[in-house]
Every structure is written in structure tokens, then in C-alpha cells.
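Biologist: Could you take one part of this model and go through it closely, with the cut-offs behind each term?

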Amino acid sequence: MADDKKSALFVCLGNICRSPIAEAVFMDEVKQAGQRDKWNIDSAGITNKHLGEKPNHRARLTMAKHNLSYNNRARQIKKEDFNKFDYIFGMDNENINDLKKLAPANCSSKILLLGDFDPEDQKIIKDPYFESGSDGFKQCYVQCVRSCKAFLAQTTEGRI
């Protein structure tokens, strides 16, 4: 990035469930740490299936329950994102494989699995979209909180 800010992009399949929750959680963690002015944060999807849509209603309910404000709409990842963001996080191995296939040869972003930062070692943040009810969204939120806190701590300490 041209400025001194760090940048993170959270990616899932459609950008209506996991990545918006992760984005909102990370924005909140950064804010609580007093680092809001040091980060550019966004989310995107691998596919264009949900372009322009709000997050799934269960994702919005989960974020609202935890007082996370969110008003972005789904977008698809673009080639320029791979050089715009320092860190691009996938939610599962399929996301990571897709991101690596989409990344240009000169990609400057670090492509990482968000769950690799989970201190409870739950590496995969499962897609809750096809589950009935909201339990999967609650689990997604909990995993994102743990992973985002740990990632932010490691970047703050200069370990990443």
C-alpha cells in the first residue's frame, strides 16, 4: 500500500457469511486496540454469485448481537487486491487453493488461513450458509474472534 497502513482482506466463497463476520470482528479488535488508523480492512468473495448483496441475515444477526457495525456489500476479489492488501485470509482450504490460483505471479500479499491463528487450533472456519439455524454463525464468530485477536497480537509484536 502507498501509505504506512497495514491492510487485511478476508475472503470466503460468496462474501455474505464468514468474510463479513471476520472483517467486522477484525475492525472491532483493531478499534479496541487503538489501531484503527493503522489498518485498511475489507472483505471479498471468490465467486460473484452475491455481488452487491448484504451479508446473510443470520450473519447480520450474529454481528448485531455482538454490537459489530457492518454496512458493506458483497464483492468479488480482484487481481489488484493481491497487491493492494498485505494479508489475504481464506476461511478454509478450498478458499486458500482458489486464492493461490487467482493470485498473479507478482503477488505481494501473504495468503493465509485465518484459522492458523486460532489458539484453540480450529483451523477451518466452516461455511454456515447451508446449516439451519444460527449455530454455525455463532461458531464462525467465536473462531474469528480468537483468530483475529491472535493475528493482531502477532502483527503488533512484529512476529508477522
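Modeller: What follows is a close look at helix 5 and its contacts.

This is a predicted model, in which local features need pLDDT of at least 70 and side-chain atom pairs count only at pLDDT 80 or more, while totals for chains, interfaces and linings use all residues. Residues are numbered from 1 along each chain as its sequence is written, and side-chain values use heavy atoms, with hydrogens and water left out.

Helix 5 has 22 residues and reaches 32 Å from its first C-alpha to its last, close to the 32 Å expected at 1.5 Å a residue (the expected span being 1.5 Å times one less than the number of residues; helices are DSSP runs of H or I with at least four residues, numbered from the N terminus). Just after helix 5, Gly 158 takes a positive phi of about 75 degrees.

The axis of helix 5 (residues 135-156) comes within 9 Å of that of helix 1 (residues 18-32), and the two cross at roughly 45 degrees, axes being lines fitted to C-alpha atoms over the stretch in contact and angles running from 0 to 180 degrees between N-to-C directions. The pair is therefore oblique, a label for angles that are not under 35, over 145 or 65 to 115 degrees. Among the residues of helix 1 that meet helix 5 are Ile 21, Val 25 and Phe 26, and the helix 5 side includes Tyr 141, Cys 144 and Cys 148.

Ser 147 also lies in helix 5 and is buried, with a relative accessible area of 0% (buried means under 20%, with a 1.4 Å probe and protein chains only). Leaving aside neighbours within four places in sequence, Ser 147 is in contact (heavy atoms within 4.5 Å) with Leu 114, Gly 115, Phe 117 and Asp 118.

Methods
Buried means under 20% relative accessible area, exposed over 50%, partly exposed in between (1.4 Å probe, protein chains only).
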